[in-house]
Amino acid sequence: MFKTIFSLAFEGIKRRKRQSLLIFFVLLVSFTFAIILLSYTSSVAETNSQLRYDTYGSWYGAISDGIDSDLEYLESTEWVDEVGISVNYGSASVMVGGLSQGSLKIGTADENLAEMGINLESGRMPTSSNEIAIEAASLNEVGYGATTGSNITMQWTFKNDSNSVTVERTFNVVGVISEYTGLWDIDANLNTAIITEEAMADILAEAEESIGEITSLSTEITYFFTVKSGMENGVESTVNSYLYQNREGSTIRRVTINSVVDMESEAAQTNMVYLVLILAITILAVVMIYILQMQVEVKRIVRFRSIGGSKGQLRFLILIETLMLAIPAVLIGVLLGFLGIKILLGVSVYSGSVDVAVSIP
């Protein structure tokens with residue numbers, strides 16, 4: 001029986017091509033515009049949220065001037081998701097022809113920190129000891145264009161109580177970093193130039209081999225962390241309590257909470273009103289189709305009933321015919337709505353350089 005009803009539904013759609021195309025078009029247009037209208041606000045919020053994270057980082061909090069026990073504490077908590085580590089080794093001079101062209105704050109950053117917001121305009125992060133990644137603005141300040149491929153010579157001077165030594169290295173610029181050191185709201189020395197841990201260890205080893213223990217080096221570690229979803233409540237007070245209990249005098253620190261954390265809910269929250277509106281539009285479209293179909297299909301309905309078809313079978317037949325038209329119309333409508341909102345926001349709200357994030361409720 002089911003196979004017969006499916007066959008009747010398919011033949012009915014083929015026989016009434018003009019009406020079927022009209023119903024398909026009504027559903028397609030309804031769902032396309034419903035998706036565009038209802039996803040506009042959430043897509044703008046999602047795109048703005050992504051822009052904020054690209055600018056200010058996705059880290060939740062940070063402990064500046066950190067010590068080893070801070071890392072142990074963060075990794076032991078149940079609410080920390082990832083910990084990113086930035087180590088600053090002070091400044092190094094950029095040398096051209098034996099003359100200093102300025103200085104860069106230099107250090108290391110692990111993969112977790114890179115994922116938390118150190119974005120690249122071009123190239124990649126350094127992976128070998130002769131490679132370096134530098135902020136675009138800093139490259140321009142020391143006379144280099146903000147492009148990869150050039151070689152840059154850096155010079156450090158290390159001292160102890162009686163001696164000093166200069167260590168020089170030439171690096172290949174493999175990555176240009178988007179500005180972040182002047183945007184992240186944190187009281188810490190962030191690196192405008194990033195090299196590998198192996199490169200920094202090699203530089204320090206050469207200096208110590210020449211003069212012994214280095215007393216002039218001031219290393220600053222900053223621990224950035226993200227928090228598992230739903231476990232943000234009380235994190236700031238909990239970390240501050242730990243810091244007050246484990247630091248004394250001038251070493252007391254307060255955790256820095258990312259300024260964009262409170263904005264996250266704008267894009268992440270699912271608005272049930274949108275879902276209700278989509279459901280209402282869907283039901284209204286289907287009801288209108290049923291009404292139109294009943295007005296033109298009276299004779300067919302009478303004929304179906306006269307040959308012994310039950311009311312239930314008739315309802316099922318009409319439902320199958322509607323679904324055969326509605327399902328492809330909905331799928332294509334969602335796709336067209338997705339493309340439509342992406343084009344609309346790209347043209348009317350954001351510049352072409354911004355990757356629009358489409359959020360369909």
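The following exchange concerns the predicted model shown above.

Reader: On what basis are residues numbered and local features accepted?
Author: Residues are numbered from 1 along each chain as its sequence is written, and side-chain values use heavy atoms, with hydrogens and water left out. As the model is predicted, local features need pLDDT of at least 70 and side-chain atom pairs count only at pLDDT 80 or more, while totals for chains, interfaces and linings use all residues.

Reader: How many helices and strands are in the protein chain?
Author: Helices (H or I, at least four residues) and strands (E, at least two) are DSSP runs, numbered from the N terminus. The protein chain holds eleven helices and ten strands.

Reader: What share of the 361 residues in the protein chain is buried?
Author: Buried means under 20% relative accessible area, exposed over 50%, and partly exposed in between, with a 1.4 Å probe and protein chains only. Of the 361 residues, the buried share is 42%.

Reader: Is threonine 108 buried or exposed?
Author: Threonine 108 sits in strand S3 (residues 99-109). Contact means heavy atoms within 4.5 Å; not counting residues up to four places away in sequence, threonine 108 touches ten residues' worth of partners, including Ile85, Val87, Ile194 and Met200. Its relative accessibility is 4%, so threonine 108 counts as buried.Reader: Which residue lies 8.6 Å from asparagine 119, C-alpha to C-alpha?
Author: Asparagine 119 lies in the loop between H4 and strand S4 (120-123), and asparagine 119 is partly exposed at 26% relative accessible area. Asparagine 119 touches Asp54, Val176, Ile177 and Ser178, not counting residues up to four places away in sequence. The residue 8.6 Å away in space, and 64 residues apart in sequence, is threonine 55.

Reader: What is the phi of aspartate 65?
Author: Aspartate 65 belongs to the loop between strand S1 (61-63) and helix H3 (68-76). With a relative accessible area of 31%, aspartate 65 is partly exposed. Although aspartate 65 is not a glycine, its phi is positive, at about 50°.

Reader: Which elements give two or more residues to the negative patch?
Author: Asp81, Glu82, Glu111 and Glu115 gather in a surface patch of negative charge. The elements giving two or more residues to this patch are strand S2 (80-96) and helix H4 (111-115).

Reader: What is the relative accessible area of aspartate 81?
Author: Aspartate 81 is found in strand S2. Aspartate 81 is partly exposed, and its relative accessible area is 44%.

Conventions: Patch = residues over 30% accessible without salt bridge, like charges linked within 9 Å, V, L, I, M, F, W, Y side chains within 5 Å. Areas by Shrake-Rupley, 256 points an atom, 1.4 Å probe, with all protein chains shown as cover. Salt bridge = Lys/Arg side-chain N within 4 Å of Asp/Glu carboxyl O. Lys, Arg positive; Asp, Glu negative; His and termini not counted. Charge placed at Lys NZ, Arg CZ, Asp CG, Glu CD.
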